[in-house]
Structure formats: C-alpha cells, structure tokens
Amino acid sequence: MQYKLVIFDWDGTIMDSVPKIVNTLKLAAEKVGVSVPCDDKAAAIIGLSLDTAVATLFPDDNQHWAALIKAYQHQYVHGDNTATPLFDNAHNYIHQLKSQGVLLAVATGKSRAGLERMLLQTGLGQYFVTTRTADEANSKPSPDMINQILDELDIAIEDVVMIGDSLLDMKMAENAGVDAIAMSCGAASAEQLQQSSALTICENYQQLESFLQRKHIDSMLCE
C-alpha cells in the first residue's frame, strides 16, 4: 500500500445506510409537522453533524430544530426498520488492509453513540486505531476531523487517503490537503462526484482494491 493511513467515512461508504437515514429524516419531519423533504435533498445532507444537517434541511423551521433532532434520534433507533448492511466485500477489504499493516480510521458525521453502536454491531471496531465523530470535531467539510486524526497518529498528509461517498467527504479531504477516493454507492451519484477533486470514483470495493493496488505499483515503479 502506498498509504500509511486510510480514513473511511461510515454512512454510504462502509454501511449501506443512506436509505435508512433518508427515511428517518422524513419520518422525523412528519412527526414534528414540518414539510417533508424529498429523497435527494435528504441524502445531500448526509455527512453533516445532525444539528447542522437539520438546520440545512429545514432552514425556515428553526423553532422546530430541537424537536426534529430528538425525533430523528428516536426514529433512527426505534421507528424505522430499514436494513443497513455493510457493502459487499467492505468487511473483507478492511480486514485485508489491517493485516497488511495499514492504519485505519473513521471520520463520520454520526454521533459518538451512534458510531459506537455500529462498530459493536458490525464487529468492525477492532480494525480502527482511532475514530472521529461530529461530537468531537467541526462538521464536514471542515478538515477538523482529518486534522485531529493526523495529529494524533503523527501522519503526514501525503501518506493519507480519505474514502467517502459524498461531496462533503471529498471537500473535507481537499481542505485537509489529503488524497480522496469517492464511492458512488452512497449519497452522491458518480456524476455528482465527478465535480470533486477525487482521484477516482469506485462503484464497489472490488474497484477500490484494484485502484489502490495499481496506485501502489505505479508508486513503486516511480521510485
């Protein structure tokens, strides 16, 4: 591997949770009695911290923001049973990277409690040396999450790649000065991700693995 550290987003990158998040946002809006957003608008805020997401998605309903946040948190755990499987081969490839000695981290807009719940349920917690959530850092696309991780692990920006599914992830990586790879299986389409500074756009983990293998070989040939 060319990179010493791979930072993953969670929702829409490791876990196929975009449909659940979109449904939960719509259920929360219905419960509070505000205008229900369309799927595209709801998906576009995935990656933001919850308070920022609610303010962005419901800009004219500021008096209901607290209620929307509370309703979303309740509905996500108790009110919507949409499945949230890991993407095909995600677990295997994360295990493979770890076994190769690559450091792995997570930078997500989820809450700390939400991420810890997912790490436990999926069994992936053992693979990540550190994680950052919206509870500990400024919301994407601020580079704060990545900067905190790099400071903690003492890793140079040229040794890092960010893998995410949204324009927010790509912009966060750009703001931090690190390479980024986009996954088109989540919140943003391949067409939307082409607007970003991503090195490449992968449809699945097989393509991701192939790209990183080729990039590693190319880097060795250039030495």
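How many of the 5 residues of strand β5 (residues 179-183) are buried? In this predicted model, 4 of the 5 are buried, and the strand is accordingly described as mostly covered. The surroundings of β5 are described below, beginning with the sheet and continuing with the helices.

The strand belongs to an open sheet of 6 strands, arranged in the order β3-β2-β1-β4-β5-β6 and paired in parallel. The edges of this sheet are formed by β3 (130-132) and β6 (201-202), each of which pairs on one side only. Within the sheet, β5 runs parallel to strand β4 (residues 160-164), to which 4 bridges join it. Across this pairing, Met 162 is placed opposite Ala 180 of β5.

Strand β2 (103-107) is likewise part of the sheet. This strand is mostly covered, with 4 of its 5 residues buried. Strand β1 (residues 5-8) is paired with β2 in the parallel sense through 4 bridges, and Leu 5 stands opposite Leu 103 of β2. The pairing of β2 with β3 is also in the parallel sense and comprises 3 bridges. Here Val 106 has Thr 131 of β3 as its bridge partner.

Helix α8 (residues 167-176) contributes several buried residues, namely Leu 168, Asp 169, Met 170, Met 172, Ala 173 and Ala 176. The buried residues of this helix pack against three strands and three helices: the strands are β2, β4 and β5, and the helices are α2 (39-44), α7 (144-153) and α9 (190-193). Gly 177 follows α8 and has a positive phi, near 80 degrees.

The packing of α8 against α7 can be described in further detail. The axes of α7 and α8 are 8 Å apart, and the two helices pack at an angle of about 50 degrees. This angle makes α7 oblique to α8, and the crossing is right-handed. Met 145, Ile 146 and Asn 147 of α7 meet Met 172, Ala 173 and Ala 176 of α8. By class, the residues of this contact comprise 5 nonpolar, 1 polar and no charged. Met 172, Ala 173 and Ala 176 are also among the buried residues of α8.

A second helix pair is formed by α1 (residues 18-32) and α4 (residues 65-79), whose axes come within 8 Å and cross at roughly 125 degrees. This angle makes α1 oblique to α4. The crossing of α1 and α4 is right-handed. On the α1 side, the contact involves Lys 20, Ile 21, Thr 24, Leu 25, Leu 27, Ala 28, Ala 29, Lys 31 and Val 32, which meet Ala 67, Leu 68, Ala 71, Tyr 72, Gln 75, Tyr 76 and Gly 79 of α4. The contact of α1 with α4 has 11 nonpolar, 3 polar and 2 charged residues.

Within this contact, Gln 75 may be considered individually. The residue lies in helix α4 and counts as buried because its relative accessible area is 11%, below the 20% limit that defines a buried residue. When residues up to four places away in sequence are not counted, Gln 75 touches Thr 24, Leu 27, Ala 28, Lys 31 and Asp 80. Of these, Thr 24, Leu 27, Ala 28 and Lys 31 are in α1.

Note on methods. Residues are numbered from 1 along each chain as its sequence is written. This is a predicted model: local features need pLDDT of at least 70, side-chain atom pairs count only at pLDDT 80 or more; totals for chains, interfaces and linings use all residues. Side-chain values use heavy atoms; hydrogens and water are left out. Axes are lines fitted to C-alpha atoms, for helices over the stretch in contact, and angles run from 0 to 180 degrees between N-to-C directions. Angles under 35 degrees count as roughly parallel, over 145 as roughly antiparallel, 65 to 115 as roughly perpendicular and the rest as oblique. A crossing is left-handed if the near helix is turned anticlockwise from the far one by less than a right angle, and right-handed if clockwise. Contact means heavy atoms within 4.5 Å. Ala, Val, Leu, Ile, Met, Phe, Trp, Tyr, Cys and Pro count as nonpolar, Asp, Glu, Lys and Arg as charged, and the others, Gly among them, as polar. Buried means under 20% relative accessible area, exposed over 50%, partly exposed in between (1.4 Å probe, protein chains only). Two strands pair if DSSP finds at least two bridges between them.
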